[in-house]
Amino acid sequence: MEFDVVYHGRKVTHKDIIFIKTLIANNPDKSRWFISRELCRQWDWRQPNGVLKDMICRGLLLRLQRDGLIALPPCKRIINNPLLNRQPPELIKVDQSPIIGNIEEVQPIELRSVRKTQYERLYNSLIHQYHYLGYTQPVGEKLKYIAFSHDRPIACLGYSSSVWHIGCRDRFIGWSPQLRKKNLHLIAYNNRFLILP
């Protein structure tokens, strides 16, 4: 039987399906987590930073099971996923008085990376309050910046991992599917840009 499944750029052949079935059969008491991580190790399926593509692999395994191509072991545990019931960011008030004067009085403007700092909550709150799309947790790698004028926040910028495929972007850059696969990790997606009112 010849067929191909393509999942996140990974082509899965009939031979791969047989390998996955054998891996599951040889580890009957192991969890789905173990199976996905072991499959990533066997395939050397890694992110550009070297980390196993474990979550993507689990998505692939679930798809193969839904398509009736494999049978995964039963779930061993249900993990409480706090992302499913995420609460909106805590509202943090900032000075909203108008800034009056010429540009020299606003300077210097300091752009601070706030990811995993005390200011990340402020970033999340400002985006939630003032950006027309509100705040949602970015997927994948992320960068968050706040621009400060004399320690007063005046703007927020957010970046995340690039989406897998955007036809107009790829055509504009001139990427073939092979070049996109090779270079996608070099692209950052500007998911939020906010100048505070």
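## A pocket and a four-stranded sheet

The largest pocket has a volume of about 1300 Å³. Keep in mind that this is a predicted model, so every value here is computed from predicted coordinates. The lining of the largest pocket is made up of 33 residues. Of these, Gln47, Pro48, Lys53, Ile56 and Ser161 lie nearest the centre of the pocket. Sorted by class, the lining has 14 nonpolar residues, 10 polar ones and nine charged ones.

Where does the lining of the largest pocket come from? At least three of its residues come from domain 1 (5-67), and at least three come from domain 2 (103-195). Five elements each supply at least two lining residues: helix H3 (54-66), strand E4 (142-149), strand E5 (152-161), helix H7 (177-183) and strand E6 (188-195).

The three strands in that list, E4, E5 and E6, also turn up together in a sheet. It is an open sheet of four strands, in the order E3-E4-E5-E6, and the pairing is antiparallel. E3 and E6 are the edge strands, since each of them pairs on one side only. From one strand to the next, the twist averages 20 degrees.

Walking across the sheet, strand E3 (residues 109-113) pairs with E4 in the antiparallel sense, over five bridges. Two of the residue pairs can be picked out by name: arginine 112 has isoleucine 146 of E4 as its bridge partner, and serine 113 has tyrosine 145 of E4. Next come E4 and E5, which run antiparallel and are joined by eight bridges. Here alanine 147 is partnered by alanine 155 in E5, while phenylalanine 148 stands opposite proline 153 in E5. Last, E5 and E6 pair over seven bridges, once more in the antiparallel sense. Glycine 158, for its part, stands opposite arginine 192 in E6. As a rule for reading such strands, the side chains in a regular strand alternate between the two faces of the sheet.

Are E4 and E5 mostly covered or mostly uncovered? E4 is mostly covered, with six of its eight residues buried. E5 is mostly covered too, with eight of its 10 residues buried.

E4 and E5 form a hairpin, with two residues between the strands. In this hairpin, histidine 150 takes a positive phi near 55 degrees. Histidine 150 also makes a handy landmark for judging distance across the model: from C-alpha to C-alpha, it is 55 Å away from valine 12, and the two are 138 residues apart in sequence. Valine 12 is found in strand E2 (residues 10-13). Why does valine 12 count as buried? Its relative accessibility is 0%, and a residue is called buried when that value is under 20%.

A few spots in the loops are worth a look for their backbone angles. Which residues are joined by a cis peptide bond? They are glutamine 107 and proline 108, with omega at about 5 degrees. Proline 108 lies in the loop between helix H4 (103-106) and E3, the edge strand of the sheet described above.

Aspartate 44 is not a glycine, yet it has a positive phi of about 55 degrees. This residue sits in the loop between helix H2 (32-43) and H3, and H3 is one of the elements that supply residues to the lining of the largest pocket. Is aspartate 44 buried or exposed? Aspartate 44 is exposed, because its relative accessible area is 52% and the cut-off for exposed is over 50%.

Lysine 116 is another residue other than glycine with a positive phi, in this case near 60 degrees. Its place is in the loop between E3 and helix H5 (120-130). With a relative accessibility of 68%, lysine 116 counts as exposed. So proline 108 is in the loop between H4 and E3, and lysine 116 is in the loop between E3 and H5.

Technical notes. Residues numbered from 1 in each chain as written. Predicted model: local features only at pLDDT ≥ 70, side-chain atom pairs only at ≥ 80, totals over all residues. Heavy atoms only, no water. 1 Å grid on protein atoms, 1.4 Å probe; cavity = no way out; pocket = protein on both sides within 12 Å on 5 of 7 lines; lining within 4 Å. Points joined across faces, edges and corners; volume = space filled by probe spheres on them. Nonpolar A, V, L, I, M, F, W, Y, C, P; charged D, E, K, R; others polar. Domains from an automatic or database assignment. Buried < 20%, exposed > 50% of the residue type's maximum accessible area, 1.4 Å probe, protein only. Pairing = 2+ DSSP bridges. Axes fitted to C-alpha atoms, helices over the stretch in contact; angles between N-to-C directions.
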